[in-house]
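Visitor: Please take me slowly through one part of this structure, and then show me how other parts fit around that kind of picture.

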Amino acid sequence: MVKVVLMGLLTSTNVIWGGTLVHAEEPQKFLLDEMIVTATRYEKADVDVPASTTILTAEELKNTGAENIQMALQKVSGISYTTYGPGGNPYSTMSNPIIIRGVSNGTLILVNGTPINMSGKYYLDSIPVENVERVEIIKGGGAVLYGSEAMGGVVNIIMKRKFENAISAGVGNYGQQSYKATFNAGKLNVGYNKEKWDKLDKIQTNKDPAGDRDCTFNGSDKDSIFLEYNFNDKLQILYNYMENENGYQNWFGNNWKGTTAAKAGDLQNDKTYTNKYHIAQINYDDKNWKANFYYNQNEPITRGFTNFDSKGSISKSIDETDQKDRTYGLDLQKNWQLNDKSKAVLGFNYKNEYFKQASTTKYMQQERKVFGVYGQWEQNINAKNVVILSARETWTAGAEKDANYNNFSASGQFVHKLNEKDNLYLSIGQSFILPTFNQMYGSTYNLQPAPELKPQTGVNYEIGWKKVTGGHSWKAAVYHIDIKDNISATWNSETGISKYKNEDFKNTGVELTCDINSKNGWSYNWGINYGDPKVKAEGNNTTKNYWDRKYGRLQFTGGITYQKDKWSTSLRGTYLTERVGTPSAKHSWKIKPYFLTSLSTTYKMDKNNEISLNIDNILDRKDILSHTGTDYYATPINFLLSYKYKF
């Protein structure tokens, strides 16, 4: 039945996947070589950028059918997707990570080129797809230009400068509700977004020798407000606020046979988690000078109770935890076009990090300052060859007990032009990640402090090829990632206490992607990524002093688009196989592949009215989306039917 429905939609309507969809009345455009700014901090044609890149335009984001950026990124080649709750909802104080090439804690998230990471976390479910102009994804280390946390790559979310005037409403199964409104009044943009989910049973399973413990999702209610004022083409202020409340209950499963107090079917705990998330920016860019001032803040609030510990022993307690995670800072950058062969960049970063947590059992407050100076030189040796050299010095100050660090990183890149849009490149770059406060000092009752943690350092090596020709955009890369002192948590099953430690990580792989825009209305994209991510811990306090596999080895991504008249339809999927679950203290084990699929179709009745149907997990698979010792499951097949009015 599913195949019949899909074939009907593909043949009678239109599909988009990797191509640029335009309105039926507009001429078709083929934009396979867009300008990109993230990789070098200034505009450069994508084919000339010496790094693996993926660009998602506003139309491509819309046709993913995703409500927010977290969900929109799940089918990008080279990304191992994970989520804790439906619709990209977080769990507890954990946020959903974007894992690039197996580097679990190495993705830096930017909004308009400004970092929004706080203690290694970010909440992309707070950013509605409708507000975004495009997303630029740079795979491979970017710490030389952007600082800590960019070891696996950088995701730059670039917001629209002009919103459309529109309102929409949508409903779906599992109690889904979606309400959106965007307005433009000259220089002012205003956006509002509301998303709701109802209860879902058994979204997570913790396996134990005594039996399973299952998690129920009790629903979520999310509100997001976006304000943007563009004084002119150079100066802009931006503010985004998201408040998300979601609930989770953990139960002892029907197969629980523990000898402690808990019995099968007993409630272990019941908790509600609220995030109040702020992003504020002032951005200036006149091409020669760039200045970004920012303030990011998140306030996770936990309320609930516990009846039993994870072993089933009575452990009654009330959880009232208030947390504040805040960063503010600035980034100043000067660009020089010295002559027709030479470019230079010089910049300075300052960031103030603050973390506070108060609960019934613990209080912690930490602060530190992070400084950085970076520079880049691009030299055209001749018409065929370009060299780019970059360097950064980073240091911290003000940390408790003088737990301060400094790091020098450098990178070198070489581009050889085979012809105008056919290039080979070589890239070697160092990266680093500073330990966060919760890793060093233990932010929860079951997290042991680890003040001895060292910064995570590594090197990314990559050889690649890019070519744009005849409606095709080809990209290929061979990469190797070598990380020393990778920061990872180890959980002690006897005590229920976790502690962060340093371990090593490596991954060698190859990636090939292709985007195709045909003149007959069809567009396609596909990608293959094969790697071998591994981790190894050393020392007397670990049981994993060997190379252990992580995540999956082989990934296929793909999509197809057809646009005709007033219809458009998008079908896409990602298949990750040769997977393993890698717990912190035990050897990895095989887990089944995941196959994530989605279908989005839109009918434009006229220039003001349209109806959309978005279906996620169209094969209704119960795939495991996590990669550790706990199984988090994909939401069963779900749909959202929406109506949109433009004015």
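Guide: Residues are called buried when their relative accessible area is under 20%, exposed when it is over 50%, and partly exposed in between, using a 1.4 Å probe and protein chains only. The model is a predicted one, in which local features need pLDDT of at least 70 and side-chain atom pairs count only at pLDDT 80 or more, while totals for chains, interfaces and linings use all residues. Residues are numbered from 1 along each chain as its sequence is written, and side-chain values use heavy atoms, with hydrogens and water left out.

Let us begin with strand 32, which covers residues 567–581; strands here are DSSP runs of E with at least two residues, helices are runs of H or I with at least four, and both are numbered from the N terminus. Twelve of the 15 residues of strand 32 are buried, so the strand is largely enclosed by the rest of the structure. Strand 32 has several partners, where two strands pair if DSSP finds at least two bridges between them. With strand 31 (residues 552–564) it shares twelve bridges in an antiparallel arrangement, and among the bridge partners are Gln563 and Ser568. These two strands form a hairpin with two residues between them, and in that turn Asp565 has a positive phi of about 55°. Strand 34 (residues 594–604) also runs antiparallel to strand 32, joined to it by ten bridges, with Trp567 standing opposite Tyr603. A further antiparallel partner is strand 33 (residues 589–591), which is joined to strand 32 by three bridges; here Arg579 stands opposite Ile591.

Farther along the chain, Asp631 is found in strand 36 (residues 630–632). Asp631 is buried yet has no salt bridge, and Lys207, the nearest side chain of opposite charge, is 4.3 Å away; a salt bridge needs a side-chain nitrogen of Lys or Arg within 4 Å of a carboxyl oxygen of Asp or Glu, and Lys and Arg count as positive while Asp and Glu count as negative, with His and the chain ends not counted. Leaving out residues up to four places away in sequence, Asp631 touches Ile203, Gln204, Thr205, Lys207, Ile624 and Ser626, where contact means heavy atoms within 4.5 Å.

Asp623, in contrast to that unpaired charge, forms a salt bridge with Arg621, the closest N and O atoms being 2.9 Å apart. Asp623 is buried, with a relative accessible area of 1%, whereas Arg621, at 27%, counts as partly exposed. In total, the structure holds 31 salt bridges. One of them joins the side chains of Glu67 and Lys180, at 3.2 Å from N to O; Glu67 lies in the loop between helix 2 (58–62) and helix 3 (69–72), and Lys180 in strand 11 (residues 177–185), so the pair ties together parts that are 113 residues apart in sequence. Another salt bridge joins Asp221 to Lys194, with 2.9 Å between the closest N and O atoms, and this pair links distant parts of the chain, Asp221 being in strand 14 (residues 211–230) and Lys194 in strand 12 (residues 188–197), 27 residues apart. Asp221 counts as partly exposed at 27% relative accessibility, while Lys194 counts as buried at 18%. There is also a network of salt bridges, linking Lys62, Glu164, Glu610, Lys644 and Lys646.

Turning to the nonpolar side of the picture, a nonpolar core is a set of buried Ala, Val, Leu, Ile, Met, Phe, Trp, Tyr and Cys residues joined through side-chain atoms within 4.5 Å. The largest such core has 38 residues, and those with the most contacts inside it are Ile69, Leu73, Leu124, Val135 and Ile157. Setting aside neighbours within four places in sequence, Ile69 is in contact with Leu61, Leu124, Ile127, Val129, Val132, Val135 and Ile157. A second, separate core of 27 residues includes Ile36, Ala150, Ala403 and Phe432.

To close with another sheet, five strands form an open sheet of mixed pairing in the order 3-8-9-6-7, whose edge strands, strand 3 (52–57) and strand 7 (114–115), each pair on one side only. Six bridges join strand 3 to strand 8 (residues 132–139), and these two run antiparallel, with Glu136 in strand 8 as the bridge partner of Ile55.
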